[in-house]
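Please work through the exercises below with the sequence and the model side by side. Each exercise opens with a task and is followed by a solution in steps.

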Amino acid sequence: MNRRYHARHPKSRGPARMDTKYLEVVPNERIVWTNDEDEEGVVTTVTFEDQGGKTLLTFHEVYPSKEALEEALQGSAAALPEQLEQLDELLSSKSE
């Protein structure tokens with residue numbers, strides 16, 4: 001399954017386009033995707049594990065090269081902790 005997303009950030013000049021290809025979706029267990037058009041891109045895997053009424057989310061990415069990893073650490077990957085905190089806040093507010 002392929003999806004195209006457009007996102008806008010107040011500090012950017014225009015919308016950013018992201019083409020996502022879902023490689024595997026197992027409901028309540030795992031989602032695997034790539035945002036690259038070819039097979040040499042970053043592959044992201046997120047797993048969900050029930051831990052007695054709470055969910056352990058594991059986020060794992062495989063980069064095609066050390067250079068690609070270093071570039072991500074300077075950009076989008078640096079924002080991941082904040083994104084996960086926002087997700088935690090959202091999900092916590094939904095369960096109240």
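## Exercise 1: A charged pair

Task: in this predicted model, classify Arg30 as buried, partly exposed or exposed, and then find the residue with which Arg30 forms a salt bridge.

Solution. Begin with the surface: Arg30 has a relative accessible area of 27%, and because partly exposed covers the range between the buried limit of under 20% and the exposed limit of over 50%, Arg30 counts as partly exposed. Next, look for the partner, which is Glu24, with the closest N and O atoms of the pair 3.1 Å apart. Glu24 is itself partly exposed, at a relative accessible area of 32%. In general, side chains of opposite charge can pair when their charged atoms come close. The structure holds 1 salt bridge, and the pair of Arg30 and Glu24 forms a salt bridge.

## Exercise 2: Two patches on the surface

Task: find which residues gather in a patch of negative charge, and which residues make the nonpolar surface patch.

Solution. For the negative charge, the residues to mark on the surface are Glu82, Glu85, Asp88 and Glu89. Taking Glu85 from this group, one finds that Glu85 lies in helix α2, which spans residues 80-94, and that Glu85 counts as exposed with 52% relative accessibility. For the nonpolar patch, the residues to mark are Leu57, Leu84, Leu87, Leu90 and Leu91, which together make a surface of about 390 Å². Helix α2 gives the largest share of the nonpolar patch, with 4 residues. Leu84 is placed in helix α2, and Leu84 is partly exposed, its relative accessible area being 32%.

## Exercise 3: Two valines apart along the chain

Task: locate Val62 among the strands, and state what distance separates its C-alpha atom from that of Val43.

Solution. Val62 belongs to strand β5, which runs over residues 55-62, and with a relative accessible area of 45% Val62 is partly exposed. Although Val62 and Val43 are 19 residues apart along the chain, their C-alpha atoms are separated by 5.3 Å.

## Exercise 4: Confidence in the model

Task: state the mean pLDDT of the protein chain, and find which elements have the lowest and the highest mean pLDDT.

Solution. The protein chain has a mean pLDDT of 80, with 76% of its residues reaching 70 or more. Among its elements, strand β1 (residues 2-7) has the lowest mean pLDDT, 54, whereas strand β4 (residues 43-50) has the highest, 93. Where pLDDT is low, the predicted coordinates should not be read in detail.

Note on methods. Residues numbered from 1 in each chain as written. Heavy atoms only, no water. Patch = residues over 30% accessible without salt bridge, like charges linked within 9 Å, V, L, I, M, F, W, Y side chains within 5 Å. Areas by Shrake-Rupley, 256 points an atom, 1.4 Å probe, with all protein chains shown as cover. Salt bridge = Lys/Arg side-chain N within 4 Å of Asp/Glu carboxyl O. Lys, Arg positive; Asp, Glu negative; His and termini not counted. Charge placed at Lys NZ, Arg CZ, Asp CG, Glu CD. Helix = DSSP H or I, 4+ residues; strand = E, 2+ residues; numbered from the N terminus. Buried < 20%, exposed > 50% of the residue type's maximum accessible area, 1.4 Å probe, protein only. pLDDT = per-residue confidence, 0-100.
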